[in-house]
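Visitor: Please take me closely through one part of this model, the contacts made between its helices and between its side chains. I should be grateful to have the cut-offs stated along the way.

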Amino acid sequence: MLLFPHQQQYTSINGFRCFFFIHKNPNFQSLIPTPTIKHSKSLSITSSIHHNQTTHKLEEEEEDENENTNININPVAAIHRKHNSKSTSFLLKRLSPEHPEEYPDEEEEEEEEEGMSEDEKVKLLELSLVRRKTPQFPGSIYLPPPPPTTNSTPPLHRLFRDADIEEDEEMLMKALEIRRKVTSEILKESMRSGKFSITYSTNLVSYLPDYIDYVMIEAASMKSLPEFSHSTFNSRAKTFIHNSNVVPLIRWLKHNSLTYPQIGKLICMSCENLQAIRELVEWLKGIYVKGEALGVVLVKAGKNALRRSLEELDDTVDYLEKNGVRKEWMGFVVSRCPRVLSYTPEEIISRVSFFRDMCIDKRDFGTMVFACPRAFGYFSLEEMQSKVNYLKEFGLTKEEVGRLLAFKPHLMSCSIEERWKPLVKYLYYLGVRRDGMRRILTLKPMVFCVDLESTIAPKVRFLQDIGIREDAVGGVLVKFPSFLTYSLYKKIRPVVIFLLTKAGVSRKDIGKVIALGPELMGCSIVDKLEVNVKYFLSLGIPLHSLGEMIADFPMLLRYNIDVLRPKYRYLRRTMVRPLQDLIEFPRFFSYSLDGKIIPRHKILIDNRVNFKLRYMLAISDDEFNRRVEDAVERRRNFESGVVMENPLSSVGQS
């Protein structure tokens, strides 16, 4: 096999080095121009050093023909083997002698690089590193880099220093997240092995981030043990989950009506001691906490309750039972205020002493705690003391505050700044002073527990709309504080409409009726007001006259029929008075029949005098006796024929 001697040379094309093999054939060398050896057209491209004999003979024949005919050799004829058309055309264009200046050689490029400034080199290096690809991990999501901007090139020192640190941290966080997902899948697999559904396992594991981290830490620490030194992380995590008995605990809690969010919070709160959850649940069942309340109590009690021993919890229950809280009430108290379980026995004693020092006996204390457990266990002692001091500013003593809290412990749940102070300012604007506020507080303490804007203010505006003067609104509230606790649309407005339509009260008198008798707002329409109206109409009183009677004496509709009937019978049958006397003086029903009406009527009969009902009953005993004596004297003078000196003195005598 014939070998061609060759010489290896290279040239630079667009920053890449291409190697060519130039034949040393003397006949071929003669075709290469001397000054342009590097760009000669007689270069021969070969894919290998070895050529077959046939190719060599063809070359010799072509060379002989060229020498004889003295014809220029076509560069294409010198190329014996082509890889592809594109590479060949590119090479021919590169080796063309017509435009040698367009293709600078390697030496010229090196000179240009040496002529670059340091800033240009740094910028070139930054541009070459700016599109470095971020490392990828199995299961990770690739986020494409943002589009390049003119000012987005990072500084060079960040590429060599901070970039490596940030990438290491990012790699560490991604690896940690992958490990969390692996641990979550292991826990789900363990739950599915325990006959839990896929949906339930997925939902529950989503609420166990702290427990998953705890499993990761424990599984990593197990590698230091000899028996687990060569085991994988997955096997160690499965072993730890199995030994912790978390799956049986989850099933037991589920059977006790706990939801998976509650189970997740409990397990995260007690990762290191899961057995404490089971013990606390059994203890809560012993004090009558049942059903869905178990999960609520366990979650709201917090970590402190799980850290308490059963002996401390028993001491708390025993001490409350000695101070009036019955044992059968404990479950309700703990369900309404789970924070009680988080207090130590010493804190429980101090809270009980706080209320007992205000002269609240055991019986009242027990009912107070049962009525409002939050008043006992939700707030701090400092907050409770500040509320007691604020109530004392209304003129109440410590004992009165104690009785008030025993009667309405919900006051302790109200905020001073958000509830009490705005209400006090509003009442003061309406003309209610300190004594009036004290009356409202003692008669209806619930007023200090309701919302001002949504409950009290609309009712005050309603009173003003029906014709009550602004300076009289405060008096209405002080006279009947329960008015502020009634529903405006279910109680107050229906009573007003009834008085206007069924009781004969005119629109101009309705404000007067409510101002004089706001207690009517507390009467039932069906059981009280409608019954009384029908009774008075049955006596023959016209509807418009009844409205005038109610405007004069609104309390007329509040009396019981059994009280009204004997008085009316005595008036008509014994006293033989007309119905008009009753219409003119409806307050007749407000006086006692045996204590005032009958005795004074007997006095009038014995002295043979007669008075109108107003002058008979609406005066004191002394005034009544004086008027009777004057009437008797006038009658004697009349009978003896003596002319009266003052005829006007007989006013009031019928």
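Guide: The account below begins with one helix pair, then turns to a buried helix face, the charged pairs and a single proline.

The model is a predicted one, in which local features need pLDDT of at least 70 and side-chain atom pairs count only at pLDDT 80 or more, while totals for chains, interfaces and linings use all residues. Residues are numbered from 1 along each chain as its sequence is written, and side-chain values rest on heavy atoms, with hydrogens and water left out.

Consider helix H7 (residues 198-205) and helix H11 (residues 260-269), whose axes come within 9 Å and cross at roughly 45°. Helices here are DSSP runs of H or I with at least four residues, numbered from the N terminus; axes are lines fitted to C-alpha atoms over the stretch in contact, with angles from 0 to 180 degrees between N-to-C directions. H7 and H11 are therefore oblique to each other, the class left once angles under 35 degrees (roughly parallel), over 145 (roughly antiparallel) and 65 to 115 (roughly perpendicular) are set aside. The crossing of H7 over H11 is right-handed, that is, the near helix is turned clockwise from the far one by less than a right angle. On the H7 side, Tyr200, Asn203 and Leu204 meet Tyr260, Ile263 and Gly264 of H11 (contact: heavy atoms within 4.5 Å). This contact has four nonpolar, two polar and no charged residues, where Ala, Val, Leu, Ile, Met, Phe, Trp, Tyr, Cys and Pro count as nonpolar, Asp, Glu, Lys and Arg as charged, and the others, Gly among them, as polar.

H11 also holds Gln262, which counts as buried at 16% relative accessibility (buried: under 20% relative accessible area; exposed: over 50%; partly exposed: in between; 1.4 Å probe, protein chains only). Residues up to four places away in sequence aside, Gln262 touches Ser257, Gly295, Val296 and Val299.

Helix H27 (residues 507-516) has as its buried residues Asp509, Ile510, Gly511, Val513 and Ile514. They pack against helix H24 (452-465), helix H26 (488-501) and helix H29 (543-552). Asp509, buried at 17% relative accessibility, forms a salt bridge with Lys508 (3.4 Å, N to O), whereas Lys508 is exposed at 71%.

A search of the whole structure finds 17 salt bridges, each a side-chain nitrogen of Lys or Arg within 4 Å of a carboxyl oxygen of Asp or Glu. One of them joins the side chains of Asp451 and Arg419, again at 3.4 Å from N to O. Here Asp451 lies in the loop between helix H23 (434-443) and H24, and Arg419 in helix H22 (residues 416-429), so that distant parts of the chain, 32 residues apart, are linked. Both partners are partly exposed, Asp451 with a relative accessible area of 32% and Arg419 at 28%.

Another salt bridge pairs Lys534 with Glu530, whose closest N and O atoms are 3.6 Å apart. These two residues are four apart in helix H28 (residues 525-538) and are therefore separated by about one helical turn. In general, an α-helix has 3.6 residues a turn, so residues three or four places apart point the same way. Lys534 is exposed at 54%, while Glu530 is partly exposed at 29%.

Finally, helix H32 (residues 593-606) contains Pro599, which is partly exposed at 33%. With neighbours within four places in sequence left aside, Pro599 is in contact with Leu593 and Asp594.
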